[in-house]
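User: Hi! I'd like to understand the reasoning behind the labels on this structure. Could you walk me through it?

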Amino acid sequence: MTHFRALIADLADDTVTTRVETRDPAPLEPGQLRIAVEFSGVNFKDALALTPGGGVVRRYPIVPGIDIAGTVLESTSDQFAEGDRVVAHGYEIGTARDGGYAEQAVVPAEWAVKLDALSTREAAAVGTAGFTAALSVAAIVDAGITPGDGPVVVTGATGGVGSTSIDLLAGLGYEVVASSGKPAAADRLRELGAAEIIGRLPLDPDAKPRPLGKSRWAAAVDCVGGAALADVISTLDYGGVVAASGLTGGAGLKTTVMPFILRGVTLAGIDSVLLPIEPRRALWQRIETDLRPRHLDLVANDIGIDGVGAVVEALRAGEYTGRAVVDLGRGW
Ligand SMILES: C=CC(=O)SCCNC(=O)CCNC(=O)[C@H](O)C(C)(C)COP(=O)(O)OP(=O)(O)OC[C@H]1O[C@@H](n2cnc3c(N)ncnc32)[C@H](O)[C@@H]1OP(=O)(O)O
Ligand SMILES: NC(=O)C1=CN([C@@H]2O[C@H](COP(=O)(O)OP(=O)(O)OC[C@H]3O[C@@H](n4cnc5c(N)ncnc54)[C@H](O)[C@@H]3O)[C@@H](O)[C@H]2O)C=CC1
């Protein structure tokens, strides 16, 4: 095995710095895969990993990158063979053990998903964010909400989770309302399938939050949290569902029990990180078939490893649109 390059993030004096290192591959333990990483992504969580006090990294130095898409170089598991194309994300990847911002990565085979119809670039364009969108949409469909029930609002609409959620929901025939703070992205959101674009929720941030507002949404995909999620909960229709995955607008949630006990609404928590491998592989199979995003090329922005820093800055500022796909073959 030849040596490989890796981006290392380190923490000192309350600052996270990065450097490129050349490393020698370590021998595999039983049940592991060595993957030639072809593509990774830049998720909001990757931005947190590169931010002091971000709360997601368990030990520095670390190779960040919570998404890995590539080809198996070596396997000590009978489930995978050299040459298999795989995607792996979540669990401890890029937070407690080295992740995808390297030319090679080693992961337990029990964390990997074999790819069939998607290329490794397409799998990285879906990545953790797109997978979370698929989990959110599945939660709404599984709750029995149908396109005839009324509009579905997607918050954080221009981001990774939001963009793919719009794409998937519109593909299934739902009327999607995109909530975004970026007026310039309106055309792009319509291309993804949004029927209407509104501003960030609550639309009037100065208005006093009410326990119940006028019913507006049959369902919602929320990756913003905070005041946006509180607003969504209080404006869901009777029996509505919100799939809540994120916190870009804040981790707090100020609400009352009224929407739950008077309208029977459901707050469905979405977790992509510790989701067990069997449902994870089953959902990836759907992402490759009936839940395949229709506009991956519109959402994906290709960058090299040298582009990660600028994307992280933009994600932190809430100014990034789409999903950055990191090509590990360039930018070193
Ligand atoms: C792709 C996914 C995402 O983007 S999710 C959003 C990004 N994630 C975050 O922002 C979470 C960052 N984490 C934190 O801010 C903190 O860890 C915390 C607020 C969640 C908890 O911090 P605190 O200092 O109060 O407690 P501990 O760190 O000691 O943990 C308490 C308890 O929770 C378990 N735990 C911690 N992190 C996670 C996690 N990510 N997933 C699941 N469980 C977690 C931890 O093991 C402790 O449980 P215990 O049984 O005591 O071991
Ligand atoms: N629960 C889970 O398993 C997962 C959770 N997440 C979480 O979902 C959220 C979105 O993740 P990504 O799509 O990767 O991020 P992203 O940065 O691509 O998208 C975030 C979106 O939120 C918007 N936004 C930023 N600040 C805001 C604010 N103050 N108010 C309203 N909107 C704001 C941005 O403009 C953008 O549209 C993050 O909080 C992330 O941690 C993401 C993936 C998995």
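Analyst: Gladly! Let's start at ligand 1, where a nitrogen atom of the ligand is 3.1 Å from an N or O atom in the side chain of Arg58. Please keep in mind that this is a predicted model.

User: What makes the pair formed by Arg58 and ligand 1 a polar contact?

Analyst: A polar contact needs a pair of N or O atoms within 3.5 Å. The Arg58 side-chain atom is an N or O, its partner in ligand 1 is a nitrogen, and they are 3.1 Å apart, so the pair meets the cut-off of 3.5 Å. Gly55 offers another example: one of its backbone N or O atoms lies 3.3 Å from a nitrogen atom of ligand 1.

User: How much of ligand 1 does the protein bury, and which residues surround the ligand?

Analyst: On its own ligand 1 exposes 990 Å², of which the protein buries 30%. Lys45, Leu48, Gly55, Val56, Arg58, Thr128, Leu247, Val273 and Leu274 surround it. By class, that shell holds five nonpolar, two polar and two charged residues.

User: Which polar contacts does ligand 2 make?

Analyst: Oxygen atoms of the ligand take part in each of these. One is 2.7 Å from a polar backbone atom of Ser272, one is 2.9 Å from a polar backbone atom of Leu247, and one is 3.0 Å from a polar side-chain atom of Lys182. The protein covers 86% of the 850 Å² that ligand 2 has accessible when alone. Helices α2 (120–142) and α3 (160–171) are the elements that give two or more residues to its shell.

User: What is the make-up of the shell around ligand 2?

Analyst: 23 residues surround this ligand, with Thr132, Val161, Leu247, Ile270 and Ser272 the closest. The classes are seven nonpolar, 13 polar and three charged.

User: Why is Ser179 called buried?

Analyst: Buried means under 20% relative accessible area. Ser179 has 3%, so it earns the label. This residue is found in strand β9 (residues 176–179), and a polar atom of its side chain lies 2.9 Å from the backbone oxygen of Gly199. Beyond residues up to four places away in sequence, Ser179 touches several others, including Val153, Val154, Ile198 and Leu201.

User: Why is Ala228 called buried?

Analyst: The same test applies: its relative accessible area is 5%, and the cut-off is under 20%, so Ala228 counts as buried. Ala228 lies in helix α5 and, leaving aside neighbours within four places in sequence, is in contact with Leu201, Pro202 and Asp222.

User: What makes α5 a mostly covered helix?

Analyst: Eight of the 10 residues in α5 (226–235) are buried. Among them are Gly226, Leu229, Val232 and Thr235. The buried residues pack against β8 (152–154), β11 (217–222), β12 (236–244), α6 (258–262) and β13 (266–269).

User: How do you know that the buried residues of α9 line one face of the helix?

Analyst: In α9 (residues 308–316), the buried residues are Val308, Val311, Val312, Ala314 and Leu315. Viewed down the helix axis, they fall within an arc of 165°, so they line one face. An α-helix has 3.6 residues a turn, so residues three or four places apart point the same way. The cover over the buried residues of α9 includes β3 (32–42), α1 (44–49), β14 (300–304) and β15 (323–327). Following α9 comes Gly318, with a positive phi near 70°.

Methods:
Residues are numbered from 1 along each chain as its sequence is written. Chains are lettered from A and ligands numbered from 1 in the order in which they are written. This is a predicted model: local features need pLDDT of at least 70, side-chain atom pairs count only at pLDDT 80 or more; totals for chains, interfaces and linings use all residues. Side-chain values use heavy atoms; hydrogens and water are left out. Buried means under 20% relative accessible area, exposed over 50%, partly exposed in between (1.4 Å probe, protein chains only). Helices (H or I, at least four residues) and strands (E, at least two) are DSSP runs, numbered from the N terminus. The arc is that of the directions from the helix axis to the C-beta atoms. Contact means heavy atoms within 4.5 Å. A residue is near a molecule or strand if one of its heavy atoms lies within 4 Å of it. A polar contact is a pair of N or O atoms within 3.5 Å; within protein, one must be able to donate a hydrogen and the other to accept it, and residues adjacent in sequence count only if both atoms are side-chain atoms. Accessible areas come from the Shrake-Rupley method with a 1.4 Å probe; for residues, only the protein chains shown count as cover. Ala, Val, Leu, Ile, Met, Phe, Trp, Tyr, Cys and Pro count as nonpolar, Asp, Glu, Lys and Arg as charged, and the others, Gly among them, as polar.
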